[in-house]
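User: Hi! Could you take a close look at the buried core of this chain for me, and then follow the strands and helices around it?

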Amino acid sequence: MKNPAHTGGVLHVWRFEGAGTRENEPWLLSISPFYVRIVERGMKKAIFIPILLFGFGVAAASPAAGFSVRLSNTYPTQGDTVMISVTGSASAPLTATLGDQTANFFSFGGNSVAVLGLKVTAQTGWQSITVRFAGGPAIIKRIDVFKKQIVTEKLEVPPSLGVTAPQLIQGLKDENAVIGNIVAAVTPQSYVTRNFGLPLADNRYITDRYGILRKTGDQGIWHLGTDFAAAPSTAVGAMNAGVVRFATSTFSYGNMVIVDHGEGIYSMYLHMNKILVTVGQAVRQGQTLGLVGDTGFSTGDHLHLSIKINGISVDPLQFVQIFR
Ligand SMILES: [Zn+2]
């Protein structure tokens, strides 16, 4: 689907804003109690498009003056995270829902925020995020999900790993089931008070990005994290404050630590040669969780970093950006 912001410059900028921020502009269109403001002049036909897309987003809300619901990104790509920020609302925002995924709001940077993850295979095109408030009202915001350019590679299983491709795939399936259970749990509070950081002192040496599909025969393995090359035994720091939920050696992922940041957000650190934390331990941002290694299905010293939001693996590099 075409992105209206990219249709030949007819509508460069348009926003959907809450009541109470009304401005005296010639192309202002009122849709009580909300309106769509067309900043760039365009054809009348073009103006009706955003009205159809956005004009019915209000259901019985009675927001205060200055009330706003903002998205970090209206045009995300598959694998991205979307943050919903609410300010100035008289009634507390409770949940944000996208398809079968529901996230709670929590306090961050003076706003109420909720984060939703898009799978690497998420449906593309326009979709609705429903924001519900205490007392019943709801607001619908729309996102237009773009297709991610997927890199496909042949899965190489070097003899040094000591397994066949089918054994490797079975090991991943088994361990992904265990991980899936851990990260499906939503701790109903956030441990996060600061922006997320990257885990190494030097994060420049990215060897594999999020969204690579490694194929072997008719099977495919998604690489749904970011790989950072680093010298063995480089310290791996927690991306943010949280509680350790997993700190054990695994068959596929080697020594792995999973940190729960609350409200369905988890960070995962794989292939380490040493683990320096224990399950249940509270960690602060930057605290050393372990040391970079080459354990599990790995062919060189590196850190694999994954982020899970409500059980969905999202692009760690884009995730870090939305908190800034
Ligand atoms: Zn990796």
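Analyst: Happy to help; here is a walk through the core, then two helices and some strand pairings.

This is a predicted model, in which local features need pLDDT of at least 70 and side-chain atom pairs count only at pLDDT 80 or more, while totals for chains, interfaces and linings use all residues. Residues are numbered from 1 along each chain as its sequence is written.

First, the overall setting. The chain holds 3 helices and 26 strands; these are DSSP runs numbered from the N terminus, with helices being H or I of at least four residues and strands being E of at least two. Of its 324 residues, 36% are buried, a term that requires 20 or more other C-beta atoms within 10 Å of a residue's own, whereas 12 or fewer makes it exposed and anything in between partly exposed, with C-beta atoms placed from the backbone. Among contacts with a separation of 6 or more, 65% link residues 24 or more positions apart; a contact here is a pair of residues whose C-beta atoms, placed from the backbone, lie within 7 Å.

Now to the core itself. A nonpolar core is a set of buried Ala, Val, Leu, Ile, Met, Phe, Trp, Tyr and Cys residues joined through C-beta atoms within 7 Å. The largest one has 56 residues, and the members touching the most others are Ile-84, Ala-114, Val-115, Leu-116, Val-257 and Tyr-269. Strand S21 (residues 265–272) supplies the largest share, 6 residues. Both domain 1 (4–145) and domain 2 (151–322) contribute at least three residues each to this core; the domain bounds come from an automatic or database domain assignment. Looking at Ala-114 more closely, and setting aside neighbours within four places in sequence, its contacts are Ile-84, Ala-96, Ala-103, Asn-104 and Phe-105. As background, nonpolar side chains tend to be buried together in soluble globular proteins.

Two helical valines come next. Val-183 sits in helix H2 (residues 165–184) and counts as buried because 23 other C-beta atoms lie within 10 Å. Beyond its neighbours within four places in sequence, Val-183 is in contact with Ile-258, Tyr-266, Lys-308 and Gly-311. With Lys-308, the C-alpha separation is 6.9 Å, although the two residues are 125 apart along the chain. Val-320, in helix H3 (residues 316–322), is also buried, with 20 other C-beta atoms within 10 Å. Leaving out neighbours within four places in sequence, Val-320 is in contact with Phe-196 and Leu-198. The C-alpha atoms of Val-320 and Asn-195 are 7.5 Å apart, across 125 residues of chain.

Finally, the strands; two of them pair if DSSP finds at least two bridges between them. Strand S17 (residues 226–229) pairs antiparallel with strand S14 (residues 206–208) over 2 bridges, and Ile-206 has Phe-228 as its bridge partner in S17. S17 is also joined to strand S25 (residues 302–309) by 4 bridges, again antiparallel, where Phe-228 is partnered with Leu-303.

There is also an open sheet of 3 strands in the order S13-S15-S16, with mixed pairing. Strand S13 (151–154) and strand S16 (219–223) are at the edges with a single partner strand each, so one side of each has no neighbour in the sheet. Strand S15 (residues 212–216) pairs antiparallel with S16 over 5 bridges, and Leu-213 has Trp-222 as its bridge partner in S16.

Definitions and conventions. Contact = placed C-beta atoms within 7 Å.
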